[in-house]
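Got the model open in your viewer, with the sequence alongside? Let's walk through it together, one selection at a time.

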Amino acid sequence: MTQAIQELAHAEGAPVAVRHVCRACAKALVASGVALHIIGDLGLSEVVYTTDPVSGRVAELEVTLGEGPAGDALVQGLEVLVPDLTGEATACRWPMFAPGASAAGVAAVFAFPLVMGMVSVGSLEVYRATWGDLSADEVTDGLLFAEAAMRLLIERMQVWPATPEDDLFAEGFGPDWAVIHQATGMVSIHLQTDLTSAFLRLRAQAYLTDRGLSEVAHDVVTDRLRFIPDPDNDEQS
């Protein structure tokens with residue numbers, strides 16, 4: 001596993017980074033895609049890397065809805081294995097995420113927590129386009145890839161300022177968190193509220209309008225959308 005990660009980095013002539021862990025994981029687990037989630041500054045899950053456009057859309061959907069395997073793995077500190085997203089139990093567990101991910105072309109999802117000591121700080125989420133369980137060896141590999149991602153995050157936190165090679169939020173196909181963070185700050189000013197509440201309002205707007213979180217954030221940043229506080233009906237315009 002370590003060798004596969006290092007080979008990807010060597011082929012790029014770059015230091016080992018989270019993108020190499022995610023890509024090696026996708027190959028090893030015969031996945032259609034992989035996403036890496038971590039707890040952000042607001043105490044909420046953020047997507048720092050995805051390997052492909054479909055994974056990017058599904059990971060963004062999960063953050064927008066606030067439900068799904070990655071979030072559960074992060075909260076519980078345990079792997080969440082879903083071999084069939086269309087199952088009745090899965091639909092009850094994640095009534096919005098399950099059909100949305102299925103519509104995007106994902107049939108099975110497997111999320112592995114990133115654990116630092118006794119605390120879970122993120123999750124590595126694996127997508128497959130076909131139904132089916134992971135083997136026991138594949139589950140072990142998934143946990144090992146999550147551990148590798150965790151080690152890289154720890155190393156990154158020990159270096160300040162972060163170097164471009166760390167590539168968190170810089171590449172991949174997930175949400176544009178630089179824009180989302182900027183928009184969250186602007187919404188906080190619009191509503192005269194804290195950043196967490198502002199982000200939740202931004203997320204709710206994306207859900208209610210059936211748009212991507214990054215797309216709504218871009219509208220805020222470009223002043224196409226302003227949030228207006230109204231204690232009576234909480235309208236936005």
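Before the first click, one cut-off: a residue is called buried when its relative accessible area is under 20%, exposed when it is over 50%, and partly exposed in between. Keep in mind, too, that this is a predicted model.

**Stop 1: helix α2**

Select residues 18-28, which make up helix α2. How many of the residues of this helix are buried? The count is 8 of 11, so α2 is largely enclosed by the rest of the structure. Colour the buried ones if you like: Val-18, Arg-19, His-20, Val-21, Cys-22, Ala-24, Cys-25 and Ala-26.

Now pick out Arg-23, which also lies in α2. With a relative accessibility of 32%, Arg-23 counts as partly exposed. Add Asp-52 to the selection and draw a C-alpha to C-alpha distance: the two are 9.7 Å apart in space and 29 residues apart in sequence.

Go back to Arg-19 and show its side chain. Which residue does Arg-19 form a salt bridge with? The partner is Glu-12, and the closest N and O atoms of the pair are 2.8 Å apart. Arg-19 is buried because its relative accessible area is 7%, while Glu-12, at 37%, is partly exposed.

**Stop 2: just past α2**

Move on to Val-30, which follows α2 and sits in the loop between that helix and β1 (33-39). Check the backbone here: phi is positive, about 50°, although Val-30 is not a glycine. Is Val-30 buried or exposed? Its relative accessibility is 61%, so Val-30 counts as exposed.

**Stop 3: a strand tied to a helix**

Next, select Arg-128 and Glu-138. They form a salt bridge in which the closest N and O atoms are 3.1 Å apart. Arg-128 belongs to strand β5 (residues 119-128) and Glu-138 to helix α7 (residues 136-157), so the pair ties together parts that are 10 residues apart in sequence. Put the cut-off to work on both ends: Arg-128 has a relative accessibility of 11% and so counts as buried, and Glu-138 is buried too, at 18%.

Why would such residues pair up at all? Side chains of opposite charge can pair when their charged atoms come close. Search the whole structure and you get 9 salt bridges.

**Stop 4: the second largest pocket**

Switch on a surface and find the second largest pocket, with about 310 Å³ of space. To centre your view, select Arg-57, Leu-61, Asp-210, Arg-211 and Gly-212, which are the closest to the pocket's centre among its 15 lining residues. The elements giving two or more residues to this lining are α3 (53-65), α6 and α9 (195-208). Which element gives the largest share? That is α3, with 6 residues. Colour the lining by class and you should get 8 nonpolar, 3 polar and 4 charged residues.

**Stop 5: the stretch after α9**

Stay in this area and click on Asp-210, in the loop between α9 and α10 (213-221). Asp-210 has a positive phi, near 55°, in a residue other than glycine. At 71% relative accessibility, Asp-210 counts as exposed.

Then select Arg-211 together with Glu-215. Their side chains meet in a salt bridge, 3.2 Å from N to O. Extend the selection to Asp-219 and Arg-224: salt bridges that share partners join Arg-211, Glu-215, Asp-219 and Arg-224 into one network. Two members of it, for comparison with the cut-off, are Glu-215, partly exposed at 43% relative accessible area, and Arg-211, partly exposed at 27%.

**Stop 6: a nonpolar patch**

For the last stop, select Met-96, Tyr-207 and Leu-208. What do these three make? Together they form a nonpolar surface patch of about 310 Å². Zoom in on Met-96, found in the loop between α5 (88-93) and α6 (97-103). Met-96 has a relative accessibility of 31%, so it counts as partly exposed.

Methods. Residues numbered from 1 in each chain as written. Predicted model: local features only at pLDDT ≥ 70, side-chain atom pairs only at ≥ 80, totals over all residues. Heavy atoms only, no water. Patch = residues over 30% accessible without salt bridge, like charges linked within 9 Å, V, L, I, M, F, W, Y side chains within 5 Å. Areas by Shrake-Rupley, 256 points an atom, 1.4 Å probe, with all protein chains shown as cover. Salt bridge = Lys/Arg side-chain N within 4 Å of Asp/Glu carboxyl O. Helix = DSSP H or I, 4+ residues; strand = E, 2+ residues; numbered from the N terminus. Buried < 20%, exposed > 50% of the residue type's maximum accessible area, 1.4 Å probe, protein only. 1 Å grid on protein atoms, 1.4 Å probe; cavity = no way out; pocket = protein on both sides within 12 Å on 5 of 7 lines; lining within 4 Å. Points joined across faces, edges and corners; volume = space filled by probe spheres on them. Nonpolar A, V, L, I, M, F, W, Y, C, P; charged D, E, K, R; others polar.
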